[in-house]
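Reader: I would like to learn how to read a model of this kind with some care. Could you take me through it one feature at a time?

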Amino acid sequence: MGINMTKIDFSQINKTAADSFNQQRNVIKRIAKGQTVLCETCDKPLTLSVLSEGESGVQCSKGCTQINLELEQ
Ligand SMILES: [Zn+2]
């Protein structure tokens, strides 16, 4: 009986996470500048909203895109 190990390429996962983090930051920057950014899924404009103290988010009206961010104090 052998041991079946599943290899996971963490470097690829980390790269993807970093890419999506940068992408999210770009989206937030563009909205903060007053530019219109459309949801990739439903093509509705994304809006910036304050969820709670020190935390805000970007979302579309349908909710398929939802980016939460903590504001740096
Ligand atoms: Zn959407």
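**Reading the contacts and the fold**

Author: Let us begin with one residue of this predicted model: setting aside the neighbours within four places in sequence, Thr-65 is in contact with Cys-39, Glu-40, Thr-41, Leu-46, Gln-59 and Cys-60.

Reader: Where is Thr-65 found, and does Thr-65 count as buried or exposed?

Author: Thr-65 is found in the loop between strand S2 (55-59) and strand S3 (66-70). A residue is called buried when 20 or more other C-beta atoms lie within 10 Å of its own, and because Thr-65 has 20 C-beta neighbours inside 10 Å, Thr-65 counts as buried. As a further reference distance, the C-alpha atoms of Thr-65 and Gln-35 are separated by 17 Å, with their positions 30 residues apart along the chain.

Reader: What share of the residues of the protein chain count as buried?

Author: Of the 73 residues of the protein chain, 4% count as buried. The radius of gyration can be set beside this figure: it is 17 Å, well over the 11 Å that the globule rule gives for 73 residues, so the protein chain is more spread out than a compact globule. Along its principal axes, the C-alpha trace spans about 60 × 30 × 20 Å.

Reader: Which elements make up the protein chain, and in what order do they run?

Author: There are one helix and three strands, and from the N terminus on the elements run α-β-β-β. For a helix, one can compare the expected span with the distance between its ends: at 1.5 Å a residue, the 23 residues of helix H1 (residues 10-32) should span 33 Å, and the end C-alpha atoms of H1 are 33 Å apart, which agrees. The number of buried residues in H1 is zero, so H1 lies largely in the open.

Reader: Where does the backbone take a positive phi?

Author: One case is Gly-34, just after H1, with a positive phi of about 90 degrees. Another is Asp-43, a residue other than glycine, whose phi is positive and near 65 degrees. Asp-43 lies in the loop between H1 and strand S1 (47-52), and because Asp-43 has 9 C-beta neighbours inside 10 Å, it counts as exposed.

Reader: What can be said of the loop between S1 and S2?

Author: Gly-54 has its place in that loop, and with 10 C-beta neighbours inside 10 Å, Gly-54 counts as exposed. Gly-54 and Leu-69, which are 15 residues apart in sequence, are 8.8 Å apart in space, C-alpha to C-alpha.

Reader: Which elements have the lowest and the highest mean pLDDT?

Author: Where pLDDT is low, the predicted coordinates should not be read in detail. Among the elements of the protein chain, S3 has the lowest mean pLDDT, 79, and H1 the highest, 85. The protein chain averages a pLDDT of 83, and 90% of the residues score at least 70.

Notes
Residues are numbered from 1 along each chain as its sequence is written. This is a predicted model: local features need pLDDT of at least 70, side-chain atom pairs count only at pLDDT 80 or more; totals for chains, interfaces and linings use all residues. Helices (H or I, at least four residues) and strands (E, at least two) are DSSP runs, numbered from the N terminus. The radius of gyration is taken over C-alpha atoms; the globule rule is 2.2 Å times the number of residues to the power 0.38. A residue is buried if 20 or more other C-beta atoms lie within 10 Å of its own, exposed if 12 or fewer, and partly exposed in between; C-beta atoms are placed from the backbone. The expected span of a helix is 1.5 Å times one less than its number of residues. Two residues are in contact if their C-beta atoms, placed from the backbone, lie within 7 Å. pLDDT is the predictor's confidence in each residue, from 0 to 100.
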